[in-house]
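Biologist: I'm new to reading protein models. Could you walk me through this one, feature by feature?

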Amino acid sequence: MSVIQKIKEIEDEMARTQKNKATSGHLGMLKAKLAKLRRELLEPSKGGGGGGGDGFDVNKVGDARVGFVGFPSVGKSTLLTKLTGTFSEAASYEFTTLTCVPGIVRYRGAKIQMLDLPGIIEGAKDGKGRGRQVISTARTCNLILIVLDCLKPLTHKKLIEHELEGFGIRLNKKPPNITFKRKDKGGIAFTTNVQGTTLLDLDAVKAVCAEYK
């Protein structure tokens, strides 16, 4: 069974499982397995073929990195050329950009690297198209700029956010306020500052930790 098939199987099981206190531990274990499998998708292939793709290993330079993410032929290349003066081929057909094209913008003394990433397609989070390489590079960015075609439905933005969230890129959301303190001995002690929360409990924490030991 392939990694993508395993991911689909876990997603289906999570969709079937009711969310309540009794199932929180099981759902925590499934989420941990899902995160590990998606990380496997992002890792470069160890075989001779199907590697990360030419041009995707771009050295991070400057004070910050901005990645242009969007569907094919929405204007990412034109935007990079206008902002940075770096030529990125643009044409009236889809998938003009097949690799990552970097450019530099200087603003108030800051050096900002901008990346024109190849267009992604629906299902990128499952490895379709070049989604794996694009999202892997997007994870290295300090800011992600979603580029949209104004003539296409606004739902495209939601689709792209869904693909990015599939690999743990949660745009415009604060990371969970979770702290770990390692002890010399004893089991897991779980405390929460939010009373009555059902999002996380001791069973869920134990299930996630067991998956990573």
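**Reading the fold**

Modeller: Let's start with contacts, meaning heavy atoms within 4.5 Å. Among contacts in the chain between residues at least 6 apart in sequence, 61% join residues at least 24 apart. Keep in mind that this is a predicted model, where local features need pLDDT of at least 70, side-chain atom pairs count only at pLDDT 80 or more, and totals for chains, interfaces and linings use all residues. Residues are numbered from 1 along each chain as its sequence is written, and side-chain values use heavy atoms, with hydrogens and water left out.

Biologist: How many helices and strands does the chain have?

Modeller: Both are DSSP runs numbered from the N terminus: helices are H or I with at least four residues, strands are E with at least two. Here you get six helices and four strands. Going along the sequence, the pattern reads α-α-β-α-β-β-α-β-α-α.

Biologist: In what order do the strands sit in the sheet?

Modeller: Two strands pair if DSSP finds at least two bridges between them. In this model the four strands make an open sheet with mixed pairing, ordered β2-β3-β1-β4. The edge strands, pairing on one side only, are β2 (101–107) and β4 (143–146).

Biologist: Which pairs are parallel, and which are antiparallel?

Modeller: Take β1 (residues 64–69) to begin with: β1 pairs in the parallel sense with β4 over four bridges, and also in the parallel sense with β3 over five bridges. Val66 in β1 has Met114 as its bridge partner in β3 and stands opposite Leu143 in β4. By contrast, β2 and β3 run antiparallel, with seven bridges; there, Pro102 stands opposite Leu115 of β3. Those two strands form a hairpin with two residues between them, and Arg108 in the turn has a positive phi of about 50°.

Biologist: Which way do the side chains of β4 point?

Modeller: In a regular strand the side chains alternate between the two faces of the sheet. You can see that in β4: Ile144 and Ile146 point to one face and are buried, whereas Leu143 and Leu145 point to the other and are not. "Buried" means under 20% relative accessible area, "exposed" over 50%, and "partly exposed" in between, using a 1.4 Å probe and protein chains only.

Biologist: What about helices? Where on α5 are the buried residues?

Modeller: An α-helix has 3.6 residues a turn, so residues three or four places apart point the same way. The buried residues of α5 (155–165) are Ile160, Glu161, Glu163 and Leu164. They cover an arc of only 160° around the axis (taken from the directions from the helix axis to the C-beta atoms), which puts them on the same side of α5. Over on the other side, Thr155 and Lys158 are exposed. The buried residues pack against β1, α4 and β4.

Biologist: Which residues have the most contacts inside the largest nonpolar core?

Modeller: In soluble globular proteins, nonpolar side chains tend to be buried together. A nonpolar core is a set of buried Ala, Val, Leu, Ile, Met, Phe, Trp, Tyr and Cys residues joined through side-chain atoms within 4.5 Å. The largest one here has 25 residues, and Val69, Leu117, Ile144, Ile160 and Leu164 have the most contacts inside it. A second, separate core has seven residues, including Ile10 and Met14.

Biologist: And how much of the whole chain counts as buried?

Modeller: That's 33% of the 213 residues.
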